[in-house]
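Student: Hi, I have a new structure to get through. Can we go over it together?
Tutor: Sure, put it up and ask away.

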Amino acid sequence: MHHLEVDGLTATYDGKILVLDGVSIQVGKGEIVSVIGPSGSGKSTLLRVIMGLLKPKAGHVKLDGDEVDYGNKKSVKALRDRFSIVFQQFNLFQNMDALRNVTIAPVKIRKRDAQKVEKEAIELLGKVGLGDKLHSYPDELSGGQQQRVAIARALALRPEILLLDEVTSALDPELVNEVLDAIRILAKDGMTMMIVSHEMGFVREISTEVIMMDEGKVIEVGSAEQIFDNPQTSRCQDFVGKILRH
Amino acid sequence: MYEGFLDIFDVFLEQSAEFYVWDNAVYLFRAMMTTLTMTIIGCGLGFIFGMIVVYFRRTPGLMFWPVRMTVIFYVETFRRVPFLVLLFLVMFTVKGFGLDFSLFTIACISIVIISTAFIGEIIRAGLDSVHQTQWDTADAMNFSRLQTLRHVILPQAWKVVLPPAFAFFVMFIKDTALTSQVGVLELTQAGKYYNNLGYSAILSFGTVLVLYFILSYPMTRLGWWMEARLHTRRRDERAEFEVGATAYELRGT
Amino acid sequence: MNYTFQWGEAFIEVPYLLGGAWITLHLSFIGFWSGATIGLFGALGKTYGGPVTVKLINWYVIFFTNTPGLVTAFFIFFGLPEFGILLSPYHTILLNIALNSGAYMTEIMRGGFVSVHKTELEAAETMGFTLLQQLRYVIVPHIAKVLFAPLSNWYIWMILGTAMAAIFGVEELTGRVFNRAAETFRSIELYTIAAGMYVAITILASSILVVIGRWAFRVKVKVF
């Protein structure tokens, strides 16, 4: 039994445009599964659907064998208690400083002890290299710093699985590495992650499994070596070829 | 015409001595306070109801569809009815059903009906100015709707809401002049009273104009100051062009 | 006591009220363009005028935007005859509407003038546009586009504002309701019908303005 099991997941935008077309994925404990593919292939939508931000049309999502009912608020809430997501655009709460961004949900939503949470949050922010920015507001931080706050915020919820949605796509090139380094640290700690990314070098280095998607479908699944060095399908060969050429 | 002007000037001087006396000052001051009080009550309640109306309008789910439609119908309708017409409608309805409300109450009810619609639109535009991703993020972290509003949305939206809402309030100080038509003894009615007593219109209505100016202008300045203080980089363009806010914001400048 | 509605009696008056609605449109239309003319000169004066002109215009704007239109109307209505100037109620109210909305439109239009960016003009200049060509191809289209939405909103606002004319005996929509309500005592019904007509008129005007905006100025706006 896998930790997260996605089976035949289908989703549409406005009930018309098919963005996910029967996607099946398995993620085991401690695995790092990366999803790659051209823009508009449905990678980000996959994460949004799993998080319950977009209702699926069909298919199942199972957590430790228990099916998630996306029509049921309780079920979605329970799922969100175990998952965290980091967005491409950071989406920090603009009215709170870095520390408050990290502590708000554990304290106000999970009702954990405020002092303990704060101590943990300071540690987390230190871990992502922002120990000196605790009281900076989002508009005083660079994109890379904001994204690292967002990662710390996601971790403060003690997720079993962390979803990373193109977390470096909105960053200036020189800021990408500081965020990737933060993710590397998590990988070393054995965090289970699902990563949507365009940073192919990074994907190759960190992933236990790589999934290639196109037009809402899974094209190929395999180890990083297989996908990048020896892709089986022509569509995957094409995509990887284009990316590795430059 | 030139001689006419001199005559007027003589009358004006003559009447001024009679007009500017303590008793009249007290009378006018009371009228001025009536004007201010009904604006504060009307717009204050309008703000509270406006928030409730917006809350219902933004509640998702099929069950709330009739509520949402009712709210939209209400807002769209009462933003398009002249205050004068509404005043008479409320007055005749109250009287027609045999209710014993004071004229002041009737005026306040009318103001609340209109200000709820307008301020509701201003609040909605303010909430819309906070990006949808902030809702999504809070959603993904299991915030309830009220928790998201309280911790995330309102702390960001109030800066966008307050300046146009205040501008609306300042504008309505002037619009309450129409309540004189149903007989409320406020500033304009006081002007009519003195004019009817035989005082020159220049004197009676001129004085009332100055008193309105004294009420309105400092608050207009306060509104400008507030606007400048609260103007943030994050402010979304949409909020500025969202109508409801627009007409009043322009009036406030 | 309960009120007995008698809609039938009120509905008989609909054609008469529609005639009033026509006068409302008429009055607001003339009022709008008179105000727009004042506003245009006000905005020009404020943008390009000397310090004295600017000061005078500022006083004018600040005075009219901080006093009720109804009271300035009373002031003019009862004040002018004291100087021996006699105007009909219709012209008095029109004068008041023009002066009042002229003040607001001065501010609206100035906003449009200010929004023309220097860089745009520099670009036009380097491309060899003459001043007239700049006006024709850059400045006026730009200003028209920027001003379309706020002026449209202002016009809708003025339709509602002209109800005030009824107080001075002008027989526009509200004025006609005054007349009939006094005769038939079907006040609630008549005012409700009038309110509905105002809603209908403004929605119609908004829709027309939205279409004009898209077609002529390529602006996508919600009007009122």
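Student: What is the area buried between chain C and chain B?
Tutor: About 4,500 Å². Carbon and sulfur atoms give 74% of that area. Keep in mind that this is a predicted model.

Student: Which three residues of chain C supply the most of the area that chain C buries against chain B?
Tutor: C:N66, C:F83 and C:F224. Together they supply 15% of what chain C buries there.

Student: And how many residues does the contact take from each chain?
Tutor: Chain B gives 51 residues, and chain C gives 47.

Student: How many salt bridges and polar contacts are there between chain C and chain B?
Tutor: The salt bridge count is 0. For polar contacts, the count is 8 residue pairs, both residues at pLDDT 80 or more.

Student: Which helix gives the largest share of chain C's side?
Tutor: α9(C), with 10 residues. By class, that side of chain C, the one touching chain B, has 32 nonpolar, 12 polar and 3 charged residues.

Student: What about chains A and C, how far apart are they?
Tutor: No contact joins them, and their closest C-alpha atoms lie 23 Å apart. Of the 2 pairs of chains in contact, B and C share the most contacts.

Student: New topic: how many helices and strands does chain B have?
Tutor: Chain B has 11 helices and 0 strands.

Student: How much of chain B is buried?
Tutor: Buried residues make up 57% of its 253 residues. The accessible surface of chain B comes to about 11,300 Å², with 69% belonging to carbon and sulfur atoms.

Methods. Residues numbered from 1 in each chain as written. Chains lettered and ligands numbered in written order. Predicted model: local features only at pLDDT ≥ 70, side-chain atom pairs only at ≥ 80, totals over all residues. Heavy atoms only, no water. Helix = DSSP H or I, 4+ residues; strand = E, 2+ residues; numbered from the N terminus. Buried < 20%, exposed > 50% of the residue type's maximum accessible area, 1.4 Å probe, protein only. Areas by Shrake-Rupley, 256 points an atom, 1.4 Å probe, with all protein chains shown as cover. Contact = heavy atoms within 4.5 Å. Buried area = accessible area lost by both parts, 1.4 Å probe. Salt bridge = Lys/Arg side-chain N within 4 Å of Asp/Glu carboxyl O. Polar contact = N/O pair within 3.5 Å; in protein donor to acceptor, adjacent residues only side chain to side chain. Nonpolar A, V, L, I, M, F, W, Y, C, P; charged D, E, K, R; others polar.
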